[in-house]
Amino acid sequence: MSKPRFYAVGDTHLKEHIWKGRLGIVNDTLLSYTQIINYCCLKDNVPLVLMGDVLDSPRPTSKIVDFLLDCTKAMKDRGLPVYWIDGNHDRAIPSWGDVIGATRLTDHPALINEVSVSGIDNRSSTELESALSKVHSDTDVLVCHQLLELA
């Protein structure tokens, strides 16, 4: 099997207690995310594309923000970029992707190990068609976080 060019992950919904009815389950989303970072950094040495709803809320706790900053730093310390689009749960101004120092895929396509990757943040159905019409023609992979059938 050949080495992947990057990993793409969405809907991690980082939160300490994600299971409202099971308060005994704590930090399971953080453990899963740590495993993803370890795969990127230690196993395959590849960049990470975050496809929205990385956070469960536009107002995460300071613990979650610190965790995400630490994970992004671990990637960058190994020379591995992190790419980001906003989802509907974590959309904020400024974008959390900007706060953690990730490269926004919505600004322009990124060439990730010879693959052209573009992104569209979560948008309303009326904004989506316009955004799709602006996707660069040389895009190999389009990362979105919405129902494309609406367009």
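Is D53 buried or exposed? In this predicted model, D53 turns out to be buried, with a relative accessible area of just 1%. The residue sits in the loop between β2 and α2, and its backbone does something a little unusual there: phi is near 55°, a positive value in a residue other than glycine. Most residues other than glycine have a negative phi, and most peptide bonds are trans. N45 shows a positive phi as well, again near 55°. N45 is found in the loop between α1 and β2 and, at 41% relative accessibility, counts as partly exposed. The backbone also holds a cis peptide bond, between I93 and P94, with omega at about -5°. P94 belongs to the loop between β3 and α3.

Strand β6 is a good place to go next. This strand covers residues 115–120, and six of the six are buried, so the rest of the structure largely encloses it. The cover comes on both faces: V115, V117 and G119 are buried on one side, and S116, S118 and I120 are buried on the other. What does β6 pair with? Strand β5, residues 110–112, runs antiparallel to β6 and is joined to it by three bridges. One of the pairings puts I112 opposite V115, its bridge partner in β6. Two residues lie between the strands of this hairpin, and N113 takes a positive phi near 50° there. Strand β7 (residues 141–144) pairs with β6 too, this time in the parallel sense and over four bridges. Here G119 has V143 as its bridge partner in β7. To get from β6 to β7, the chain passes through helix α4 (residues 125–133), making a right-handed β-α-β crossover.

Now for the nonpolar side chains. In soluble globular proteins, nonpolar side chains tend to be buried together. The largest nonpolar core in this model has 25 residues, and those with the most contacts inside it are L14, Y33, L48, L68, M75 and W84. Several elements chip in: α1 (28–44), β2 (48–50), α2 (62–77), β3 (82–84) and α3 (96–100) each supply at least two residues of this core. What does L68 touch? Leaving aside residues up to four places away in sequence, L68 touches L14, Y33, V54, L55, W84 and I100. Another core, of 10 residues, lies apart from the largest one, and its members include F6, V49, Y83 and V115. V115 is also one of the buried residues of β6.

Charged side chains have their own story, with seven salt bridges found across the whole structure. One of them brings K63 and E16 together, at 3.7 Å from N to O. K63 lies in helix α2 and E16 in the loop between β1 (7–9) and α1, so the pair ties together parts that are 47 residues apart in sequence. Both ends are partly exposed: K63 has a relative accessible area of 36%, and E16 has one of 22%. A more local pairing is that of D77 and K73, whose side chains meet at 2.8 Å, N to O. The two are four residues apart in helix α2, which means that about one helical turn separates them. D77 is exposed, with a relative accessible area of 53%, while K73 is partly exposed at 48%.

Are R104 and D86 buried or exposed? Both are buried, and they form a salt bridge whose closest N and O atoms are 3.6 Å apart. This pair links distant parts of the chain, with R104 in strand β4 (residues 103–104) and D86 in the loop between β3 and α3, 18 residues apart. R104 and D86 are not on their own, either: D86, D98, R104 and D121 are linked in a network of salt bridges.

How many disulfides does a search of the whole structure find? The search finds zero. For C40, the closest cysteine sulfur is that of C41, but at 6.3 Å it is too far for a bond. C40 is buried, with a relative accessible area of 0%. C71 is in no disulfide either, since the nearest cysteine sulfur, again that of C41, is 8.7 Å away. C71 counts as buried as well, at 8% relative accessibility.

Terms used: Residues numbered from 1 in each chain as written. Predicted model: local features only at pLDDT ≥ 70, side-chain atom pairs only at ≥ 80, totals over all residues. Heavy atoms only, no water. Buried < 20%, exposed > 50% of the residue type's maximum accessible area, 1.4 Å probe, protein only. Pairing = 2+ DSSP bridges. Right-handed = clockwise from strand over helix to strand, strands pointing away. Core = buried A, V, L, I, M, F, W, Y, C linked by side-chain atoms within 4.5 Å. Contact = heavy atoms within 4.5 Å. Salt bridge = Lys/Arg side-chain N within 4 Å of Asp/Glu carboxyl O. Disulfide = S-S within 2.5 Å.
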